[in-house]
Amino acid sequence: MPPLLRTVLVLAAAFSPAGAEPLRVALIAPSAEVAVLAALGATIEDGGLVRISTPSRADALLILRGPGAAAAETRTLLADGRPAVVLGAEPAAWNDAGGFITERIGAIRGAAFAGGAPLRVINLFAHPVLTGVEAIESDEAVPAWTKLAEDTQLIVEGITGEETTPLAWVRNAGSGRIAHLVPTSPALLTSRDYLRIVTQALLWTARRPIPGARPVVQRTFMPESHPGAFAITFPEGVGVCLDPVRGGVNFAWDGDFVDLRPRWLTKQGAPARIFGSVFYSERAPRPLRAGAPGANSAWRFLGHGLRDGTPEFRYDVDGREITEALRALPDGTGFTRTLSVAAGKSPLWLTLEEQSNAEVIVEGASRDGNAVAFTSADAGSFRVTVRRRGTALSP
Amino acid sequence: MTHGLPSILVIATVVALALVPHLEAAAPATGRVSGSVRQAGTEASVRFAQVRIEGAALTGRENNQIIQKIGADGRYRLDVPPGTYELWAAAPDHEEVLKRVELSAGAALQVDLFLPPLPVSPYRVETVPLPRQMVGELSGVAFTPTGTLVVTTRRGEVWIRGANGNRWRRFAAGLYEPFGVVAPAEDEILVIQRPEITRLRDRDGDGVADEFHTVADDWGITGSYHEFSYGLARDRAGNLYASSGLCSFGRGVELPWVRGPLQTAQYLPWPGPGAVPDGHRSVARYQGWAFRVSPEGRFETFASGFRQPLGVGISPEDELFISDCAGAWVPTSTFTHVERGGFYGHADSLKWHPDFKDRRLTHTEITALRRPPSVYLPRGVLGTSPGQPTWDTTSGRFGPFGGQVFMGDVSAILTRIDLERVAGAWQGAAFPFLRGGGLRLGGMHQAFGPDGALYLAQTVRGWMPTGGNEGLQRVVWNGSDPVEVRTLRLSPRGFTLGFTVPMGATAGNPDHYRVQRFRYLHHPVDGSLRADNIEVPVTAARLGADGRTVELDLLELQPGHVHELTVDAAVTDRAGHPLLNRVAYYNVNRLLSGETQPGPTRLAAARPAALRPGDPRAGAEVYRQNCLVCHQADGRGSREAGTPDFTLPGGIRVKSDAELFRIVAEGRVPEPPAVNPMPPWSNVLTEQSIQDVVAHLRTTYGAAGR
């Protein structure tokens with residue numbers, strides 16, 4: 001067995017956990033490209049994703065360039081929200097006088113980027129679709145896609161000289177998700193990292209878990225936060241902004257990605273951009289205090305880390321050390337805060353705030369309205385669960 | 001690598017004795033001089049060469065000159081009236097050549113001109129390849145004791161390259177604008193990010209940091225785009241040193257999320273009419289301060305009075321030095337030995353000073369409180385925004401400058417500093433070390449590697465075009481001696497120069513040394529012009545028996561002044577090689593006696609001479625020293641620097657000499673397609689030098705209407 005195929009099989013097996021329905025993928029390409037896509041599709045079929053021939057029964061579509069003769073049917077499926085991953089979209093392969101694919105992908109295809117010069121930098125951002133991918137290597141000339149729609153999440157960017165160009169992006173296009181990868185050189189199409197991106201993009205668009213995807217912690221300039229706040233994005237589809245100066249979770253949103261480019265690409269800078277709606281927020285300073293809810297407790301941020309992939313944040317509240325672990329709820333409808341408290345000044349108070357879009361459950365500490373007290377002076381822990389309203393609370 | 005500074009003039013007289021006389025009855029009114037321009041030694045063609053002929057017989061032409069560009073055939077031909085001329089040839093990266101020509105009517109003279117290549121520096125600049133997925137905005141560089149290379153990027157990453165290979169790995173991501181790194185051990189990497197100093201560890205051994213311990217975060221931050229935390233340096237006891245720059249507040253930024261208290265009013269309100277000339281203010285706690293953090297994590301403020309103290313370094317003797325950038329209260333960029341409790345000039349940081357925050361010190365009191373910099377870095381010649389100081393501890397592997405300081409700059413300049421203790425305080429001289437030659441912009445952090453090379457981390461994003469200007473370069477010495485003034489030290493009557501190699505007899509001629517002294521003004525204006533600029537006659541030059549030292553006696557030596565030393569191009573080593581750099585700036589804060597106050601001067605009666613007409617030859621030298629980096633040797637400008645093409649129609653050709661003088665002196669906002677502002681040069685160049693450089697531009701690129 002060729003090493004690459006073996007790699008893909010091992011990889012694909014990982015995407016097919018026991019008991020889970022395999023993802024059914026239909027491959028679509030113009031007739032001239034069918035063989036190319038079939039080779040790529042074979043590796044998927046050998047693994048956990050099932051290749052089926054009827055697009056209308058597929059969980060996700062994998063489209064190289066465009067559907068060619070099957071344009072009408074494919075457009076209908078996409079318009080109805082069928083998840084899709086498009087590789088190197090060619091508007092001509094969509095029989096698309098109305099600009100359907102431009103609207104669906106959320107960008108306009110232009111001439112060769114940087115006059116066809118190779119990309120000096122290929123920069124991967126922190127997105128679940130890129131889990132485990134170290135690098136993309138390609139010297140191909142790529143078309144420049146411009147005018148990205150507001151809701152596109154750019155996840156791979158190319159740089160040559162002063163110019164940057166989008167190389168891969170994902171979006172929630174109405175009811176269905178779509179991903180677009182611009183580079184499609186023959187060498188890339190058989191590379192392990194590229195196949196991994198394709199497979200993970202299929203899973204992401206179909207809202208399936210991506211094996212091995214981990215939470216991402218990025219310190220940046222977040223909206224409605226002190227500079228240096230943390231953006232913690234979970235692959236389950238929830239984002240949390242933790243502000244170490246205010247001392248709590250400033251807000252949480254439906255999303256697994258934060259765009260830091262507003263800060264990077266201009267001199268003046270701007271806060272990072274989140275995608276999705278905010279369902280939880282707090283404003284009052286220092287929600288954690290020792291002794292009494294309004295005590296003037298000394299506060300110090302001690303640092304953060306990842307323990308077995310779980311983000312942890314450490315604080316000192318009036319001499320009492322707290323380690324807070326953040327986890328997403330498995331269904332992505334919220335998150336938990338597990339606060340492990342060292343022995344010290346008691347009680348430790350956590351002040352909550354009224355939420356109209358989230359329910360807040362406290363376990364392991366007493367609660368009176370928005371005042372939560374951890375009354376033991378010994379070491380212990382308590383947990384706060386935040387769940388977006390409108391979703392059922394699991395038992 | 002070639003060097004752009006020195007110029008040796010090869011002067012020869014060619015007497016035109018009508019070698020090929022025209023014998024026609026009616027002798028023409030002109031003679032002809034023609035020939036080829038080639039590289040000396042190789043006779044290879046020289047790109048962008050031009051010849052210039054100048055003489056009184058050309059009265060009526062701009063500057064009595066005709067300039068001709070040399071085409072691909074390498075030949076020139078000039079028809080001029082009879083007379084005596086100077087014929088020049090010049091080209092980038094080559095010495096200029098000058099010949100004296102006497103030409104009679106009807107004569108045809110062949111003069112071939114051979115341009116010697118500029119002295120080749122034994123230092124070459126190499127670009128270090130970076131991983132393709134790294135955006136090369138390198139903001140910090142360090143080596144571990146075992147030689148592992150560690151860099152930070154402004155996008156928040158830490159990358160590591162092992163000592164024994166070229167493989168890079170990403171050690172950390174998601175940091176907030178790291179701006180410096182120290183790596184005292186393989187498993188201990190310390191980074192200063194905008195909000196804190198952080199210790200990074202890899203607990204589970206997978207090669208990626210998973211613990212980010214907050215070592216210190218006791219200073220204020222506002223979220224303004226222009227508000228940086230600088231550093232990082234570590235002494236042998238494990239203390240960390242860092243600093244916080246002022247916040248750019250000129251346009252009244254909204255700052256609703258400030259860490260710590262906010263004070264937007266200036267400590268000393270701007271006294272002048274109109275807008276505050278420099279919007280940098282200490283609006284959050286300890287902006288404009290240097291800090292120290294003990295190995296146990298105890299934070300303490302260390303010194304105040306900084307503007308943008310982006311170079312933080314620790315000497316081999318564990319003393320703190322900081323470079324600061326020119327602006328209000330910082331007359332030109334500085335390099336300063338920083339002592340605990342010291343105040344170094346910028347008034348606004350006093351808002352947070354326990355002794356002065358509630359006492360409104362006056363301008364005079366603030367100036368009296370200020371400790372002077374060890375070295376001034378004149379704007380332009382020695383850059384604009386100096387970076388991290390790094391001591392040469394390579395035991396000779398970087399050449400003959402062991403113990404001296406090297407410092408990058410936002411502009412493509414590497415400065416060398418020679419310090420000495422005078423009456424108990426550090427002061428000394430700054431030299432240009434490397435310019436051009438492939439050295440990129442933005443080299444603000446650096447470190448010596450285990451190979452003895454100097455590695456420069458470069459980032460310019462937000463200030464200059466980034467394309468090709470960022471990343472990692474190293475400066476490598478090829479083992480041959482550079483011809484340089486190695487040391488410039490104060491003596492009882494002047495200065496003692498120490499050379500890297502034995503010098504020829506011309507080094508013993510006092511006429512080959514020119515010293516000017518001046519002061520900089522400590523005031524809230526954005527930068528300072530040279531004040532009290534005056535030439536100090538060199539009365540004697542004594543060359544040591546080994547040729548490696550020259551003692552210069554000055555007519556008088558006054559403390560409190562910068563002394564600019566310019567060595568004539570005639571000073572060469574014993575083999576005739578010129579100096580690679582011929583200018584140095586010694587900041588005489590105090591004399592050997594300890595005297596810091598200037599006494600009565602014998603030079604006071606001297607008056608600055610009236611301005612002479614511009615001398616294009618002198619202007620060419622001024623251009624090479626000050627303008628070439630951005631405007632290029634061929635005057636075509638550079639996309640990277642955003643400078644215009646002088647050779648195009650319009651542009652400088654349609655501007656009067658007075659307009660050009662004003663632009664050079666005062667600077668100006670960019671005129672498309674240029675994108676960067678032209679900085680004002682009147683605080684660097686004398687009026688005569690500006691007059692000269694305008695004449696050079698005019699003669700080289702043409703006058704209005706041409």
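User: Two strands pair if DSSP finds at least two bridges between them, and helices (H or I, at least four residues) and strands (E, at least two) are DSSP runs numbered from the N terminus. This is a predicted model, in which local features need pLDDT of at least 70 and side-chain atom pairs count only at pLDDT 80 or more, while totals for chains, interfaces and linings use all residues. Residues are numbered from 1 along each chain as its sequence is written, with chains lettered from A and ligands numbered from 1 in the order in which they are written. Which residue stands opposite V538(B) in strand 41 of chain B?

Analyst: Strand 40 and strand 41 (residues 549–554) of chain B pair in the antiparallel sense over five bridges. Opposite V538(B), in strand 41, stands L554(B).

User: Which are the edge strands of the open sheet of four strands in chain B?

Analyst: The sheet has antiparallel pairing and the order 36-37-41-40. Those pairing on one side only are strand 36 (485–490) and strand 40 (538–543) of chain B.

User: By how many degrees are neighbouring strands of this sheet turned against each other on average?

Analyst: Axes are lines fitted to C-alpha atoms, for helices over the stretch in contact, and angles run from 0 to 180 degrees between N-to-C directions. With direction ignored, the average turn is 20 degrees.

User: What span should helix 6 of chain A have?

Analyst: The expected span is 1.5 Å times one less than the number of residues. Helix 6 (residues 192–205) of chain A has 14 residues, and its end C-alpha atoms are 20 Å apart, which agrees with the expected 20 Å.

User: How many residues of helix 6 of chain A are buried?

Analyst: A residue is buried if 20 or more other C-beta atoms, placed from the backbone, lie within 10 Å of its own, exposed if 12 or fewer, and partly exposed in between. The buried residues include R196(A), Q200(A) and W204(A). Helix 6 of chain A is mostly covered, the buried count being 12 of 14.

User: Which strand gives the most to the side of chain A that touches chain B?

Analyst: Contact requires C-beta atoms, placed from the backbone, within 7 Å; 30 residues of chain A are in contact with 28 residues of chain B. Strand 6 (121–124), strand 11 (216–220) and strand 19 (299–307) of chain A each give two or more residues. With six residues, the most is given by strand 19 of chain A.

User: Which residue of chain B stands opposite G305(A)?

Analyst: Strand 19 of chain A runs antiparallel to strand 18 (residues 211–216) of chain B, joined by three bridges. In strand 18 of chain B, the residue opposite G305(A) is E211(B).

Note on methods. Contact = placed C-beta atoms within 7 Å.
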